[in-house]
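Reader: I would like a close look at a single part of this model, the salt bridges, with attention to where the partners sit and how buried or exposed they are. Please take the pairs in turn and keep the reasoning explicit.

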Amino acid sequence: MKHPISIIFFASAVFCSINIYGQQKSSVLDVKSSLTDSNVVYPETYEANTHKLMEGWYMKNYMAHDDRYDRLGDTNPSDGVVKERLAKLPTVIEMPFNSVVRNYIDRYTQRGREQVTVLLGLSHYYFPIFEQALEERGLPLELKYLPVIESALDPNAVSKHGATGLWQFMITTAKGMGMEVNSLVDERRDPYLSSKKAAQYLADLYATYNDWSLAIAAYNCGPGAVNKAIRRAGGDPSSHDFWSIYNYLTPETRGYVPMFIAANYVMNYYPEHNISPVIPTKPLVTDTIMIQDRIHFNQISEVLDIPVEELRVLNPQFRADIIPGSEEKTYTLVLPSQQIHAYLMSEDAIKQHDAEKYAKREAVEPGEQFVASNRPAVSEAASATDAATVDAVQQGSKTEEPLPVASASATKGVKTVSHKVKPGETLASIAKIYEVTPQDIKTWNALRRNAVRTGQILRINTATAEGEAEPIVAAETGTKKPSTQPKAVVAKSNVKKSPAKPKAPAVTNHKIKRGESLSSISRKYGVTIAELKKANGMSGDNLRAGATLKIPAKSSSRKSSSTKKRRRRR
């Protein structure tokens, strides 16, 4: 009895297994077209700040808006029409239709109409970059729509999980592929480099699964999650695609491939839904240049007259507006093509422009005054505060800080002033007050660095007429103050002096910088061009950068005249 019963039980089990497998196989075949899912999860990109993107520098300067999306509603085509349109797309990757795909299409064409116009506008700049990277790897060009669902074409997009850039690389994945990610440089945000790395990654995924729907799903959730879903689905792993493992994936990944299909649809059939793209008003043609020096965007902006916002749009990988180039590491800078030649011609001027302001301190002494402008990035509020401080100084605002004191050694046409460093002052700002150079101050005070500290006493030598010292002046305001110092250090002496013997005029050496002329140097030192030529035995006007030029001392009459003019201005 036992034996026949065992046979019957075994046969029943086999029959049930075959029946269940047949049902599963049938559902797998039909799932692409019959799939329904009430738990559709919309991605973060669907909640992108469209208004912020619309007001971005590129959109405002290179695009003209069309409000057709707002004036006219969606045409709401039938499922049959949408299915037919998807079938007509010239794609290698399969674009099937089902209710989940339709949900994502409706999200774009009904509730996200303004976002589509922005995406279409940004695509003029980014799609050629994506297509070039995909073409180099021989990949389907329809993959260029992945960044539409990954980042809404925002190179600075950061997901709640930390994925960053147009292609939304996680930091571990990016570093594993050789991308640089730190506080100054994040190559995940670089449109060119990240596109090349994304194409490489997609090619590797396709080589693993030999199916684009699985490769795209793995791009979203990782190969481990896809492999786990394939194991749970059972059967021959090579026979599966995204739709056969749909129910074994997380809700976020379930919507990824349908979302990709919807992006392909809307970016091709937007006119049929009464959506007009943002139209380019002028072409943005770019080129690249290799940078081997540490350069701040402000230096490039101020010398070449390029808006900093434009530099940020073209080079989003530099997170703090600093290109940290060096002899060991060079970086690619993207500029409008017409500015490449200008950069090459002005490279030295760019590096020297406010070089002290943007220099990175390599060594610091305890108690040294910090120069706020050395910060990698300064907020607009901080900049406004600094500007207000400067304005207050120029307008003669009151200060309770000690005034510079004229030293008793003010003889031989040179006045030595003791200056106490105030909070926020730098060598450059102090040198500007006394009309000397920062290097002069460093030489007079045996300073080895460009930094000064609050409370530090500096000795400043300023030229005056023979035997005369100027009245004590408030360094910040430029207004005369009554002296409260002992007579030994009062600016003007009452002691009669015998006439001084004629002496040879003092001579200052000036190292010629690129771009300087006899005219600019003569104005800087208050001498005439003729005096410069005579002191240096010159017959022509040509100067050579790096050469040393002798600067003759100003004559007493010229000094007295300039002193009177300064006093009248004060």
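Author: What follows goes through three salt bridges one by one, after a short word on the whole chain.

The model is a predicted one, and its protein chain contains 25 helices and eleven strands. Of the 570 residues in the chain, 41% are buried, and among the contacts with a separation of 6 or more, 68% involve residues 24 or more positions apart. The accessible surface amounts to about 31300 Å², with 52% of that area belonging to carbon and sulfur atoms.

Against this background, the count of salt bridges comes to twelve. One of them joins the side chains of D79 and R102, with an N to O distance of 2.7 Å. Because D79 belongs to helix α5 (residues 79-88) and R102 to helix α6 (residues 99-111), this pair ties together parts that lie 23 residues apart in sequence. The two partners can be placed by their accessibility: D79, at 43% relative accessibility, counts as partly exposed, whereas R102, at 9%, counts as buried, since the cut-off for that class is under 20%. Salt bridges with shared partners also join D79, R102 and D106 into one network.

A second pair is E136 with K196, whose closest N and O atoms are 3.0 Å apart. Here E136 lies in helix α7 (residues 113-137) and K196 in helix α10 (residues 191-209), so the salt bridge ties together parts that are 60 residues apart in sequence. E136 is partly exposed at 46% relative accessibility, and K196 is partly exposed as well, with a relative accessible area of 40%.

The third pair, E180 with K329, has its closest N and O atoms 3.6 Å apart, and this distance falls within the 4 Å that the definition of a salt bridge allows. The pair links distant parts of the chain, 149 residues apart: E180 sits in the loop between α9 (171-176) and α10, and K329 in the loop between β5 (322-324) and β6 (331-336). In terms of accessibility, E180 counts as buried at 18%, while K329, with a relative accessible area of 32%, is partly exposed.

Taken pair by pair, then, the partners from helices are D79 with R102 and E136 with K196, and the partners from loops are E180 with K329.

Technical notes: Residues are numbered from 1 along each chain as its sequence is written. This is a predicted model: local features need pLDDT of at least 70, side-chain atom pairs count only at pLDDT 80 or more; totals for chains, interfaces and linings use all residues. Side-chain values use heavy atoms; hydrogens and water are left out. Helices (H or I, at least four residues) and strands (E, at least two) are DSSP runs, numbered from the N terminus. Buried means under 20% relative accessible area, exposed over 50%, partly exposed in between (1.4 Å probe, protein chains only). Contact means heavy atoms within 4.5 Å. Accessible areas come from the Shrake-Rupley method with a 1.4 Å probe; for residues, only the protein chains shown count as cover.
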